[in-house]
Amino acid sequence: MGEEDSPHVPQRMPAGAASPDDLPDGLLVADETGRVVVFNAAAQRITGVPAGDALGGDFREVLPLHDAEGRDWWRCVAPYEGLSTRTRHPERALFLPGGAEVLVTAAYRRDERGRVVRFSVALRDALQRARQERDRADLVSTVAHELRSPLTSVKGFTATLLAKWHRFNDDQKRVMLETVNADADRVTRLITELLDVSRIESGRLEMHRQVVDLPAEIRKVIAGRVAAGDPADRFRFELSGELPELWLDPDKVDQIFGNLLENAVRHGAGTVTIVVEPDAHKEGAAVSVRDEGEGIPPEAASRVFRRFWRGPGGNRRGGTGLGLYIVKGLVEAHGGTITVQRAPGGGAEFRFTMPAGAPDHAV
């Protein structure tokens, strides 16, 4: 048997084809004799076993697994001696020899006689799943907390108005209804943020690109904040140099600026300065949003764009802590990057880039 036909040598992949090493989960594949023919990079990372030691070895020795009671898992399930009708094992938590917990799924490929010709085992790091579950629990807790306050207010005012409508004059009714309206807007913003987080994490963020006048979009967002009650002299806009043609999603650009300005006003102080200039490195545009507040501690800079980050003021400043996470996702969806650093005059400076586009790049 030549090297090409040996079951102990991984098959060569054609150029450009997907490789098992591209998979995020660990993958072990054994042939009809139980010898390992595939052992991808994720499997090496999870088990600590080099591929060179795994390939050609018996899968039971390469990947010894035990259940919570210490029983040899492969002896229990007997993959090659069990029922010929069995096609897979559902995911369950098992343990490596060192005690590390892994999530294991297995599947069979059989010939016409029901004999196993291929046995595949998928591995996932249980710690990663635990982190994901904690993130989901944090998200649910945060959403419940953020929804409780406005919904309690809406319920209280509407119940009061329904029960005692004739006891209030028109001005009092207006104040109550304006509060209900503002709280309804708050709930709507929260739901929108949650949908954005879901689309970013699942890779389902749709982009509708067109030529965008970046300075005009910024001025529009600033005008909107001023119309909502912010002092006009709170913002300063600077345009430095001529910008290239930019193909961007205007709605998402407005969302990026809106969140950054909201963050600067809520967590910063003094004048909020927005600087737009050509980005010589990437032939696009670079935008900086600076405030004059306390700034962001260096040790917190790496956490700023994570979910639920609320800045030095914590919960006292309000907000869900999702705004900057969404900003990062929207900037990266355009092909740009975003960073945070100390502003020249103190405070925080968020700087992001947008690459130049062309009509044939529009989506």
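What should the 14 residues of α7 span at 1.5 Å a residue, and how far apart are the end C-alpha atoms of this helix? In this predicted model, the expected span of α7 is 20 Å, and its end C-alpha atoms are 20 Å apart, which agrees. The residues of α7 that are buried are L214, P215, E217, I218, V221, I222 and R225. Viewed down the helix axis, these buried residues fall within an arc of 165 degrees, so they line one face of α7. The elements that cover them include the strands β7 (235-239), β8 (247-248), β9 and β10, together with the helix α8. After α7 comes G229, which has a positive phi, near 125 degrees.

The helix α7 also takes part in the largest nonpolar core, a set of 38 residues in which L214, I274 and F352 touch the most other members. At least two residues of this core are supplied by each of α7 (214-227), α8 (250-267), β9 (272-279), β10 (284-290), α9 (323-333), β11 (338-342) and β12 (348-354), and the largest share, seven residues, comes from α8. When residues up to four places away in sequence are not counted, L214 touches L243, L246, L248, V253, F257, V276, A285 and V287. Separate from this set is a second core of 24 residues, which includes A43, L96, V104 and A106. In soluble globular proteins, nonpolar side chains tend to be buried together.

Within helix α8 lies A264, a residue that is buried, with a relative accessible area of 2%. Apart from its neighbours within four places in sequence, A264 is in contact with R234, A269, V272, V289 and D291. The C-alpha atoms of A264 and F350 are separated by 9.3 Å, although the two residues are 86 residues apart along the chain.

Charged side chains were examined next, and the count of salt bridges comes to 16. Side chains of opposite charge can pair when their charged atoms come close. One of these pairs is formed by K220 and E217, whose side chains meet at 3.3 Å, N to O; being three residues apart in helix α7, they are separated by about one helical turn. The two partners differ in accessibility, because K220 is partly exposed, with a relative accessible area of 46%, whereas E217 is buried, with a relative accessible area of 13%.

A further salt bridge joins the side chains of D254 and K220, at 3.0 Å, N to O. This pair links distant parts of the chain, with D254 in helix α8 and K220 in helix α7, 34 residues apart. The relative accessible area of D254 is 18%, and this residue is therefore buried under the cut-off of 20%. The side chains of D249 and K252 likewise meet in a salt bridge, at 3.2 Å, N to O, and both D249 and K252 are buried. In addition, R225, D230, E262 and R266 are joined into one network by salt bridges that share partners.

Elsewhere in the chain, an unreviewed UniProt entry carries the annotation "domain: PAS" for residues 21-56. Over residues 21-56 the model is 31% helix and 25% strand, and the end C-alpha atoms of this stretch are 18 Å apart.

Notes
Residues numbered from 1 in each chain as written. Predicted model: local features only at pLDDT ≥ 70, side-chain atom pairs only at ≥ 80, totals over all residues. Heavy atoms only, no water. Core = buried A, V, L, I, M, F, W, Y, C linked by side-chain atoms within 4.5 Å. Buried < 20%, exposed > 50% of the residue type's maximum accessible area, 1.4 Å probe, protein only. Helix = DSSP H or I, 4+ residues; strand = E, 2+ residues; numbered from the N terminus. Contact = heavy atoms within 4.5 Å. Expected span 1.5 Å × (residues − 1). Arc of directions from axis to C-beta. UniProt positions renumbered as here; feature names shortened; annotations may be inferred. Salt bridge = Lys/Arg side-chain N within 4 Å of Asp/Glu carboxyl O.
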